[in-house]
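I opened my notebook to look up a few spots in this structure. Here is what I wrote down as I went.

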Amino acid sequence: MQQVVIVGAGHGAGQAVATLKQKKYPGKIVLIGEESWLPYQRPPLSKKFLAGEMPAERLYVKPASFYDDPEIDVRLDTRVESVDRDAKHVVTAGGDTVPYTDLILATGSRVRTLDVDGASLNGVLYLRGIDDVEAIRDRLGRADKVVIVGAGYIGLEVAAVARQLGHDVTVLEMADRVMSRVVSEELSAFYQREHAAAGVKLELGTGLEAFTGEGGEVTGVCTSDGTVLPADLVVVGVGILPNVELAAAAGLDVDNGIVVDEACRTTDPHIFAIGDCTSHPSAVYGCRLRLESVQNALEQAKTAAMNICGGDASYDQVPWFWSDQYDLKLQIVGLSQGFDTAVIRGNPADRSFSCAYLRDGRLLAVDAVNAPKDFMQAKALIAAGARPDPERLADASVSLKDLVA
Ligand code: FAD
């Protein structure tokens with residue numbers, strides 16, 4: 001009897017079960033996750049769910065009834081400790097061995113934590129899962145002053161929600177502009193203006209030294225310029241680390257993520273890996289990528305599941321992401337790293353515009369702010385390696401799709 005074991009019961013894992021079912025996998029599917037929740041979507045955690053505008057059940061990738069199937073065995077609150085590739089089984093923290101014909105590693109990522117004085121005080125919180133949001137919401141109910149450490153997507157989304165809920169919000173960021181790792185200076189400047197207009201205080205170019213506390217509770221954040229920012233709640237959003245340790249201990253190749261090929265296979269033909277924990281080859285960008293996005297997790301899940309069912313699927317797509325802050329929908333298609341030219345289409349003052357990134361004339365990525373048409377049309381251009389004329393690109397009255405003959 002065949003058996004697929006999926007380690008990690010997150011977003012990608014939920015999709016892998018769905019595709020295996022859809023493709024009529026002729027065996028048992030065992031889903032093992034260390035969290036107490038069925039597979040759920042994380043993006044709303046720093047958006048509508050944090051704001052209290054979405055119930056937990058709506059986060060689920062599939063309703064609970066979907067797993068009510070004699071061929072699906074869901075084991076929550078269960079951590080997998082090791083993989084024995086010779087015996088073809090995994091071992092859980094409780095000592096159970098679970099055999100597999102094929103294994104999918106869907107272990108995701110974890111937050112990068114801070115190691116400074118006061119880091120373990122109550123009220124210094126991180127955001128990765130539902131339980132984290134519940135702790136943040138509980139604290140928000142009693143907090144007046146909120147300090148966010150890190151001005152990436154998640155930090156800024158939390159800042160927007162906390163400010164809209166009426167809190168006093170300060171964002172501390174070491175770089176001299178927000179989202180500096182992913183967007184152009186123009187985009188950063190636009191978002192800085194929006195946050196400032198909403199009443200968020202931005203401390204840019206400022207490092208974190210320590211947290212201060214009283215009676216075990218956080219009371220402030222000491223910054224590199226000697227200031228102490230009062231805080232009843234600190235939310236830290238300084239990036240993630242892929243969960244690759246299980247794969248590395250099993251002797252699989254790991255290089256900034258579990259190394260997989262186009263089929264989402266690791267260096268063991270019976271072990272697949274999907275989502276945040278992987279590094280995959282990208283023909284579009286000519287390098288290996290480790291992505292932190294829903295699209296990547298879902299598409300890799302489909303690819304791995306189809307291949308386990310005897311298919312010949314491969315994954316190589318132009319990545320896309322999004323971020324919701326206030327009434328602004330930022331949609332990002334492609335990867336702008338290494339760009340030499342940024343072209344603004346439209347007027348940021350209209351709160352609907354986009355920024356196209358090029359390198360040596362080739363379109364790498366487009367960030368679209370309340371501009372869904374540019375977002376949708378850019379994907380095909382990036383995939384085709386288009387080289388649009390920058391002057392026409394800057395003319396928002398010309399559709400992106402009309403730019404390349
Ligand atoms: P996950 O969903 O993280 O699932 C991995 C699961 O594996 C976890 O439950 C983990 O506990 C479990 N696990 C790990 N090791 C073990 C083990 N040894 N045994 C058992 N279980 C294990 N992406 C976007 O595209 N757009 C967004 O707007 C966006 N917003 C986000 C907002 C927040 C607050 C967060 C946290 C993420 C956001 N993301 C967003 C990223 C997106 O959610 C992730 O890329 C996606 O969840 C990755 O899916 P995954 O299946 O790889 O991992």
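**Entry 1: the ligand.** I began with Val294, where a backbone N or O atom lies 3.0 Å from an oxygen atom of the ligand. Taken alone, the ligand exposes 1,000 Å², and I noted that the protein buries 95% of that. I should jot down that this is a predicted model.

Next I asked myself: which residues come nearest to the ligand? There are 31 residues around the ligand, and the nearest are Gly12, Glu34, Glu35, Lys47 and Asp276. I checked two of these names up close. For Gly12, a polar backbone atom sits 2.8 Å from an oxygen atom of the ligand. For Glu35, the side chain has an N or O atom 2.5 Å from an oxygen atom of the ligand. I also looked up which helices help out: α1 (11-22) and α6 each give at least two residues to the shell around the ligand.

**Entry 2: Arg177.** I found Arg177 in the loop between β11 (168-172) and α4 (185-198). Is Arg177 buried or exposed? Arg177 is buried, yet I could find no salt bridge for this residue. The nearest side chain of opposite charge belongs to Asp176, at 4.6 Å. A salt bridge has to be within 4 Å, so that pair doesn't make the cut.

What does the Arg177 side chain reach, then? One partner is the backbone oxygen of Val183, at 2.8 Å. The side chain of Ser188 is another, in a polar contact with the Arg177 side chain at 2.7 Å. Leaving out residues up to four places away in sequence, I listed what Arg177 touches: Val183, Ser184, Glu185, Ser188, Gln192 and Leu204.

**Entry 3: Gly310.** I went on to the loop between α6 (294-308) and β22 (320-325), which is where Gly310 lies. Why does Gly310 count as exposed? Its relative accessible area is 66%, and exposed means over 50%. I also compared positions along the chain: Gly310 and Val7 are 303 residues apart, and their C-alpha atoms are separated by 21 Å.

**Entry 4: two phi angles.** I reminded myself that most residues other than glycine have a negative phi. Tyr326 has a positive phi near 55°, and it is not a glycine. I located Tyr326 in the loop between β22 and β23 (328-334). Asp360 isn't a glycine either, but its phi is positive too, at about 50°. Asp360 lies in the loop between β25 (353-359) and β26 (362-369). Asp360 counts as exposed because its relative accessibility is 60%.

Notes. Residues numbered from 1 in each chain as written. Predicted model: local features only at pLDDT ≥ 70, side-chain atom pairs only at ≥ 80, totals over all residues. Heavy atoms only, no water. Helix = DSSP H or I, 4+ residues; strand = E, 2+ residues; numbered from the N terminus. Buried < 20%, exposed > 50% of the residue type's maximum accessible area, 1.4 Å probe, protein only. Lys, Arg positive; Asp, Glu negative; His and termini not counted. Polar contact = N/O pair within 3.5 Å; in protein donor to acceptor, adjacent residues only side chain to side chain. Contact = heavy atoms within 4.5 Å. Near = heavy atom within 4 Å. Areas by Shrake-Rupley, 256 points an atom, 1.4 Å probe, with all protein chains shown as cover.
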